[in-house]
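Trainee: Got a few minutes to go through this one with me? I'd like to start with a loop and then work over to the pockets and the ligand.

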Amino acid sequence: MSGIIERDGVLYVDGVRVSELAQSVPTPFYVYSSQRIIDKFKTLQSSFAEHYHGLKDPIIAYACKANSHLAILKLLAEHGAGADVVTGGELRKALLAGIDPQKIVFSGVGKTDAEIRTALESGILQINVESRPEVEEIARIAEAMDVVAHIAFRINPNVDAGTHAKITTGKKENKFGIPNDEILELYQWAYAHDHLSPRGLSVHIGSQLTNLEPYRKAFRALAAQTREILDAGMPLDVLDIGGGIGIIYTDEISPCTDVYADIVQETLGDLDVQIVMEPGRYIVGDAGALISQVTYVKKNNSGRNYIILDAGMNDLLRPALYDTVHPICCVDNHGRAPFVADIVGPICETGDTFVKDKTLPEVERGEYLAICSSGAYGAVMASQYNTRSIPAEVIVYGKTHHVIRKARDFEAMVEDEIIPKFGQGLVTRPL
Ligand SMILES: *Cc1c(COP(=O)(O)O)cnc(C)c1O
């Protein structure tokens, strides 16, 4: 049994009972199914094996920002994944986890000089360039280092991905990518430069796409731009089609990776290129859950009920940031009457609400709830807000669980805070 699955009212992760995990790991903690992560990776791989007929196998460059835990990167590296990184830190983690540099692409609108240098030293496949000043800076640094920088230009296809405004990236008013009418000239400029080697184009229109149609438009734009460059007599070997494939949170329809691969075949299949894709959420999103204990059940005279958890928006920011509703269930549901409540965290903000008017079995103080589909953009966005620890993380591999991050104790949380000497009477650390 793989993944996070409820059977007869009991929640399991790869066959391990969550309520048993919660006996040994203090809540709140994230738990991941390694089997689910591998299954998702392989599903995408086999969709392309069957539906895409290019000359080369696509590179699946996992978007590390969805969940950059080294254990997860290592698991994916062992199955042949590449990486899409957006900072020097992510790049170093991907290398540390053993991901092949020739399968690493570096995206992002604000790469610093230090990050560009790290990228050039590591021999990654390419830097995905997002602006004219960026490519000028890469050229300058490559020249100073006396190396040739392999780059791709990220196009902005002006396509609406139809997702939440905060995670839509492919419209012309978004900060990402380069407008179509500037690409050819920039590509020519780079091609003529001794220290730049433009090898292709990239596109990424947004995240959590459940309707795949916007991809068709974006990839058509990519194909048109590719032909322009080839017609101008320049080489183009790599097309990076980005990430964004959605998962199920509530009532979405799960996008089919076969259809996704069909769209790639239809729009880009006749081009002799190396396809790179950058899925993040799709790989890890539904392979993770945040496990939390009920601190109080509060019943107001007005008739509103609140289930107050020991997990809050500092552990899982998505509901507060993107208005997302995650599926929430009891880890052990032993047939109780239904009850409607708002499920909230302990943080002093009204936004610290996971879901309103949720129907659950009448839960009791001390029992455990699972906030599911939180493997992506969960732990990586955790903070110490309210001086709370960032949550622990656990992965189930085979039949056993491994704690892959411990919760921080108080000492660790204050360790890097420095108190200067403010006159008399104030002590400096240690407290
Ligand atoms: C965030 C991001 C991704 C991954 O998006 P998902 O929705 O998690 O698949 C891929 N590529 C780029 C450039 C990104 O910024």
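**Contacts, pockets and a ligand**

Mentor: Sure. Leaving aside residues up to four places away in sequence, Asn-333 touches Gly-9 and Pro-361. Keep in mind that this is a predicted model.

Trainee: Okay, and is Asn-333 buried, partly exposed or exposed?

Mentor: Start with the location: Asn-333 sits in the loop between strand 16 and strand 17 (338–344). The buried class is under 20% relative accessible area and the exposed class is over 50%. Asn-333 has 30% relative accessibility, so the class is partly exposed.

Trainee: How far apart in space are Asn-333 and Val-363, C-alpha to C-alpha?

Mentor: Along the chain, Asn-333 and Val-363 are 30 residues apart. In space, going C-alpha to C-alpha, the separation is 9.0 Å.

Trainee: On to the pockets. Which residues are closest to the centre of the largest pocket?

Mentor: That pocket has a volume of about 590 Å³. Its lining is made of 31 residues, and the ones closest to the centre are Lys-65, Thr-169, Phe-176, His-204 and Tyr-377.

Trainee: And which elements give two or more residues to the lining of the largest pocket?

Mentor: Here's the class breakdown of that lining to go with it: 13 nonpolar, ten polar and eight charged residues. As for elements giving two or more residues to the largest pocket, they are helix 10 (281–284) and helix 11 (318–322).

Trainee: What about the ligand: which residues around it come nearest?

Mentor: There are 15 residues around the ligand. Lys-65 and Tyr-377 are also among the residues closest to the centre of the largest pocket. The nearest to the ligand are Lys-65, Ser-207, Gly-244, Glu-278 and Tyr-377.

Trainee: How far is a nitrogen atom of the ligand from an N or O atom in the side chain of Glu-278?

Mentor: Let me list the polar pairs together. A polar side-chain atom of His-204 is 3.5 Å from a ligand nitrogen, and a backbone N or O atom of Gly-244 is 2.8 Å from a ligand oxygen. For the Glu-278 side chain and a ligand nitrogen, the distance is 2.5 Å.

Trainee: His-204 turns up in the pocket and at the ligand. Which residue has a side-chain polar atom 3.0 Å from the backbone oxygen of His-204?

Mentor: Look in strand 9 (residues 149–156). The residue you want also makes a side-chain polar contact of 2.7 Å with Glu-130. Its contacts include Thr-169, Phe-176 and His-204. The one with a side-chain polar atom 3.0 Å from that backbone oxygen is Arg-154.

Trainee: Is Arg-154 buried or exposed?

Mentor: The cut-off for buried is under 20% relative accessible area. Arg-154 comes in at 7%, so the class is buried.

Trainee: Now the second largest pocket. Which elements give two or more residues to its lining?

Mentor: This pocket holds about 390 Å³ of space. Of its 20 lining residues, Ile-4, Ile-248, Asp-286, Cys-372 and Ser-373 are closest to the centre. The elements giving two or more residues to that lining are strand 1 (4–7), helix 2 (34–51) and strand 16 (328–330).

Trainee: How many charged residues are in the lining of the second largest pocket?

Mentor: Split by class, the lining has eleven nonpolar and six polar residues. The charged count is three.

Trainee: Asp-286 is on that list, so to speak. Which side chain does the side chain of Asp-286 join in a polar contact of 3.2 Å?

Mentor: Asp-286 lies in the loop between helix 10 and strand 14 (288–299). Beyond four places in sequence, Asp-286 touches Ile-4, Arg-36, Lys-40, Ile-247 and Ser-373. The 3.2 Å side-chain polar contact is with Lys-40.

Trainee: Last bit, the backbone. Where is the peptide bond that is cis, with omega near -5°?

Mentor: Most peptide bonds are trans. Pro-28 is in the loop between helix 1 (18–24) and strand 4 (29–33). The cis bond runs from Thr-27 to Pro-28.

Trainee: Gln-208 has a positive phi; is Gln-208 buried or exposed?

Mentor: Phi of Gln-208 is near 60°, in the loop between strand 11 (196–202) and helix 8 (213–231). With 12% relative accessibility, Gln-208 counts as buried.

Trainee: And Thr-387, buried or exposed?

Mentor: Thr-387 also has a positive phi, near 50°, and is in the loop between strand 19 (368–371) and strand 20 (392–397). Its relative accessible area is 53%, so Thr-387 is exposed.

Conventions:
Residues are numbered from 1 along each chain as its sequence is written. This is a predicted model: local features need pLDDT of at least 70, side-chain atom pairs count only at pLDDT 80 or more; totals for chains, interfaces and linings use all residues. Side-chain values use heavy atoms; hydrogens and water are left out. On a 1 Å grid over the protein atoms alone, a cavity is a set of points where a 1.4 Å probe fits but cannot get out, and a pocket is an open set with protein on both sides within 12 Å along at least five of seven lines; lining residues have an atom within 4 Å of a point. Grid points are joined across faces, edges and corners, and a volume is the space filled by probe spheres set on the points. Helices (H or I, at least four residues) and strands (E, at least two) are DSSP runs, numbered from the N terminus. Ala, Val, Leu, Ile, Met, Phe, Trp, Tyr, Cys and Pro count as nonpolar, Asp, Glu, Lys and Arg as charged, and the others, Gly among them, as polar. Buried means under 20% relative accessible area, exposed over 50%, partly exposed in between (1.4 Å probe, protein chains only). Contact means heavy atoms within 4.5 Å. A residue is near a molecule or strand if one of its heavy atoms lies within 4 Å of it. A polar contact is a pair of N or O atoms within 3.5 Å; within protein, one must be able to donate a hydrogen and the other to accept it, and residues adjacent in sequence count only if both atoms are side-chain atoms.
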